[in-house]
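Visitor: Hey, got a minute to walk me through this one? I'd like to poke around in it a bit.
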Amino acid sequence: MSQLKNFSKGFIKENPVFVLLLGMCPTLGVTSSAINGLGMGLATTFVLLMSNIVVSIVKGAIPDKVRIPAFIVIIATFVTIVELTMQAYLPSLFKSLGLFIPLIVVNCLVLGRAEAFASKNNLISSMIDGLGMGLGFTFALVLLGGFREILGAGKIFDITIYSENYVTLLFVLSPGAFIVLGYLIALINRIKTK
Amino acid sequence: MAKKESTFINMVVMLFLVTGIAAAALGFVYDFTKGPIAEAKLKAQQEAITNVLPQFDALGESFKTLVEEGGDSLEFFPAYKNGELVGTAIKTYTKNGFSGFISIMAGIDSEGNFSGYSVLEHKETPGLGSKMDTWFSDQEKPGQYVIGKNPVSNNFTVTKDGGDIDAITASTITSRAFLEALVLAYNSHKENKEAIPATAGN
């Protein structure tokens with residue numbers, strides 16, 4: 001597999017949200033607006049990239065039977081670093097996302113890539129995989145958050161598109177997340193089979 | 001590098017190493033970010049005080065008061081202009097939000113009316129309850145505007161409960177909690193009026 005393909009697979013072909021259906025909890029939870037999706041996606045991308053790098057470096061030294069706890073400790077460490085750094089230098093973003101940052105630890109996507117990819121591949125491939133998957137995840141979250149924000153609040157990235165009097169509130173609520181996700185998965189499947 | 005065997009000693013040593021390095025890294029980052037985090041929090045608090053009060057040139061010494069019903073204390077920040085008290089910012093809270101704890105900075109001017117508020121901390125639903133940040137300060141909608149009012153001149157409960165304030169659409173629980181926090185600040189302010197120095201004394 002070429003590195004370009006390795007990178008681009010995360011967007012459509014193996015998109016973590018629409019195709020692999022990994023990390024559903026943060027996906028459904030944070031995407032009530034596009035900006036939240038973007039912030040969460042980028043934070044996850046950073047964690048994914050760093051954990052993939054570290055896991056691919058230490059993979060030989062970790063005995064098989066304890067690899068999962070070791071990976072989780074590595075992931076949790078990076079999540080906490082992101083949390084502290086964001087709190088210190090981006091307090092306004094932390095205010096809206098703070099709650100969801102610790103959720104990255106339990107995001108199956110991060111552990112999934114560590115286990116399925118980084119523990120079997122070399123450093124460069126793992127880095128590209130982490131970056132591609134992370135950006136694919138971000139892309140999916142922004143798309144989902146964008147649709148929900150337009151339908152449910154009449155805005156996109158906080159820019160008003162139409163009056164709040166005509167919005168369908170359902171879309172910013174939890175059921176709206178499932179509905180929009182379902183339609184987007186159908187759409188992606190259609191694109192993929194073409 | 002050959003894969004390490006999963007012998008007991010290997011597992012113990014490796015897990016110990018991984019957790020040890022993680023702990024050291026976290027300790028370092030914590031130490032490094034401790035200062036900026038405290039600074040950011042203080043700055044956010046200062047900004048909130050400035051936002052909720054009429055113009056002032058000096059802040060008096062802040063103090064804390066206990067709440068009658070028990071629970072955490074409220075923090076008072078008296079503000080002065082040319083030595084005269086112009087208002088007090090009160091850090092108030094409620095635990096009855098849709099998702100629990102909400103912390104609000106409420107400003108009360110010298111006439112005892114709310115001069116502004118700023119939501120410091122909350123976990124309400126984004127796009128719904130989180131709108132309280134702007135909802136109650138929308139000047140074009142008098143039904144939901146709380147500034148310039150006080151719980152004596154107006155009934156500070158939502159219209160659904162027979163009050164005078166329009167609740168946030170689909171977020172009645174958040175609105176109730178929000179108003180509860182404001183009333184708590186107001187009552188506490190009334191009780192502690194004597195404790196607030198009327199002039200900026202040194």
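Guide: Sure, we can take the interface, then some strands, then one serine.

Guide: Keep in mind that this is a predicted model.

Visitor: OK, chains A and B. How many residues of chain B are in contact with chain A?

Guide: On the chain B side there are 30, and they contact 29 residues of chain A. Together the two chains bury about 2500 Å², and carbon and sulfur atoms give 74% of that area.

Visitor: Which elements of chain B give two or more residues to the side that touches chain A?

Guide: That would be helix H1 (8-52) and strand E6 (114-121) of chain B. H1(B) gives the largest share, with 17 residues.

Visitor: And how do the residues on that side of chain B divide into nonpolar, polar and charged?

Guide: You get 20 nonpolar, 4 polar and 6 charged.

Visitor: With charged residues in there, how many salt bridges does the rule find across the interface of chain B and chain A?

Guide: The count is 0 salt bridges. For residue pairs in polar contact across that interface, taking both residues at pLDDT 80 or more, the rule finds 0 as well.

Visitor: Switching to the strands. Is E5 of chain B mostly covered or mostly open?

Guide: Mostly covered: E5(B) spans residues 100-109, and 8 of its 10 residues are buried.

Visitor: What does E5(B) pair with on the E4(B) side, and how?

Guide: Strand E4 (residues 84-97) of chain B runs antiparallel to E5(B), with 9 bridges joining them. A hairpin of 2 residues links the two strands. If you want a spot to click on, B:Ile90 stands opposite B:Ala106 in E5(B).

Visitor: How many bridges are there between E5(B) and E6(B)?

Guide: There are 6, again in the antiparallel sense. Here B:Ile108 stands opposite B:Phe114 in E6(B).

Visitor: Which residue takes a positive phi in the hairpin of E5(B) and E6(B)?

Guide: B:Gly112, with phi near 90 degrees, in a hairpin that has 4 residues between the strands.

Visitor: Last one, over to chain A. Where is A:Ser126 found?

Guide: A:Ser126 is in helix H7 of chain A, which covers residues 123-153.

Visitor: Is A:Ser126 buried or exposed?

Guide: Its relative accessible area is 0%, so A:Ser126 counts as buried.

Visitor: What is A:Ser126 in contact with, leaving aside neighbours within four places in sequence?

Guide: A:Asn52, A:Ser56, A:Phe117, A:Ala118 and A:Asn121.

Visitor: Great, thanks!

Key
Residues numbered from 1 in each chain as written. Chains lettered and ligands numbered in written order. Predicted model: local features only at pLDDT ≥ 70, side-chain atom pairs only at ≥ 80, totals over all residues. Heavy atoms only, no water. Buried < 20%, exposed > 50% of the residue type's maximum accessible area, 1.4 Å probe, protein only. Contact = heavy atoms within 4.5 Å. Buried area = accessible area lost by both parts, 1.4 Å probe. Salt bridge = Lys/Arg side-chain N within 4 Å of Asp/Glu carboxyl O. Polar contact = N/O pair within 3.5 Å; in protein donor to acceptor, adjacent residues only side chain to side chain. Nonpolar A, V, L, I, M, F, W, Y, C, P; charged D, E, K, R; others polar. Pairing = 2+ DSSP bridges.
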